[in-house]
Amino acid sequence: MTILLRKLITAVALPIRWRRDRQHAAETLKAFSEIEFDSAWQYLNAIRYVDQPEIQLMLFGNCLEEMEHSDKFLNAAHKLASARMGGHSLARKELVRKPNDVPYFLAFAHDSERSIATQFKGYARACGKFSDAAAVFNDIAIDEEKHEREARSSLVSAVGSERTARWLIFKVKLSKAYSGWMRVSKKLGDMIFAAWLGVIFLLFGSLLRNYCRRTLLNPSRQTPQLGGTKNECY
Ligand SMILES: [Fe+2]
Ligand SMILES: [Fe+2]
């Protein structure tokens, strides 16, 4: 559901927003630059926990390409920006902390690269008159599709079986679907809570208004002033 919603926003709302607000397009590109940089860090970090040289080589190659993507997005952002861009502080979650995390990380990388390649193609279509930015999105999407394939073949090589690889990819999809659902339900919960508060305010606010006004204007109910005569002080 969240994927469909994201696709719809990218296809319909984003081109309109970017046509009106060039700075917003620049900010989005800068945010992608930081996501790509984090991706590079995750690949580099994973190398420390891998023994197989061919997987290490793949991880290092991807790390370099992710850094290049980060640079390309940042350059494209600077070309579009009409004002100083804000900082996007991305909270980093270390995806690999021990050798046993590597297979799940490869499954996660495979699924994420596929998803980001699809997203980038959508963003390229949304760029409209920003042809330089569209070219950056399309170029990077080609690399991400390569990363997707490489992560999958490395996963099969790491776990030694196609069946286990498929199971891990399924687990990643399940976990992402659950996180997506939790995010949507939290937002829905916040919206329902805000709507109820609005209803309560409308119902009781007008009823209590006169009572509150009378209470505040009644001198016998007002809070005594500080200070006073000498005899009143202790
Ligand atoms: Fe990338
Ligand atoms: Fe990638």
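In this predicted model, helix H5 passes helix H6 in a right-handed crossing. H5 covers residues 131-159 and H6 covers residues 162-217; the two pack at an angle of about 120°, with axes 8 Å apart. That angle makes H5 oblique to H6. On the H5 side, the meeting residues are Arg152, Leu155, Val156 and Val159, and they face Glu162, Thr164, Ala165, Arg166, Leu168 and Ile169 of H6. Sorted by class, the residues of this contact comprise 6 nonpolar, 1 polar and 3 charged.

Helix H5 also has a second helical partner to consider. The axes of H4 and H5 come within 8 Å and cross at roughly 160°. Because angles over 145 degrees count as roughly antiparallel, H4 is described as roughly antiparallel to H5. The crossing of this pair is left-handed, whereas H5 passes H6 in a right-handed one. The contact of H4 with H5 contains 17 nonpolar, 4 polar and 7 charged residues.

A helpful residue to follow here is His110, which lies in helix H4, a helix spanning residues 102-126. His110 counts as buried because its relative accessibility is 9%, and buried means under 20%. Setting aside its neighbours within four places in sequence, His110 is in contact with Glu148, Ala151, Arg152 and Ile169. Two of these names are already familiar: Arg152 of H5 and Ile169 of H6 also appear where those two helices meet.

Helix H5 leads on to the metal site as well. Glu144 and His147 both lie in H5, 3 residues apart, which is about one turn of the helix. Glu144 and His147 are both buried. Each of them donates to the iron ion (ligand 2), Glu144 through OE and His147 through ND1. The other protein donors of this ion are an OE atom of Glu66 and two OE entries from Glu113, and the donors lie 1.9 to 2.4 Å from the iron. Along the sequence, the donor residues follow the spacing E-x46-E-x30-E-x2-H; the closing E-x2-H part fits the placement of Glu144 and His147, 3 residues apart in H5.

The iron ion (ligand 2) has a metal neighbour. The iron ion (ligand 1) is 3.4 Å from it, and Glu66 coordinates both ions. Glu66 thus has a place in the donor set of ligand 2 while also coordinating ligand 1.

Note on methods. Residues numbered from 1 in each chain as written. Chains lettered and ligands numbered in written order. Predicted model: local features only at pLDDT ≥ 70, side-chain atom pairs only at ≥ 80, totals over all residues. Heavy atoms only, no water. Axes fitted to C-alpha atoms, helices over the stretch in contact; angles between N-to-C directions. Helix = DSSP H or I, 4+ residues; strand = E, 2+ residues; numbered from the N terminus. Parallel < 35°, antiparallel > 145°, perpendicular 65-115°, else oblique. Left-handed = near helix turned anticlockwise from the far one by under 90°. Contact = heavy atoms within 4.5 Å. Nonpolar A, V, L, I, M, F, W, Y, C, P; charged D, E, K, R; others polar. Donors = N, O, S within 2.8 Å, 3.2 Å for Na, K, Ca; no water. Buried < 20%, exposed > 50% of the residue type's maximum accessible area, 1.4 Å probe, protein only.
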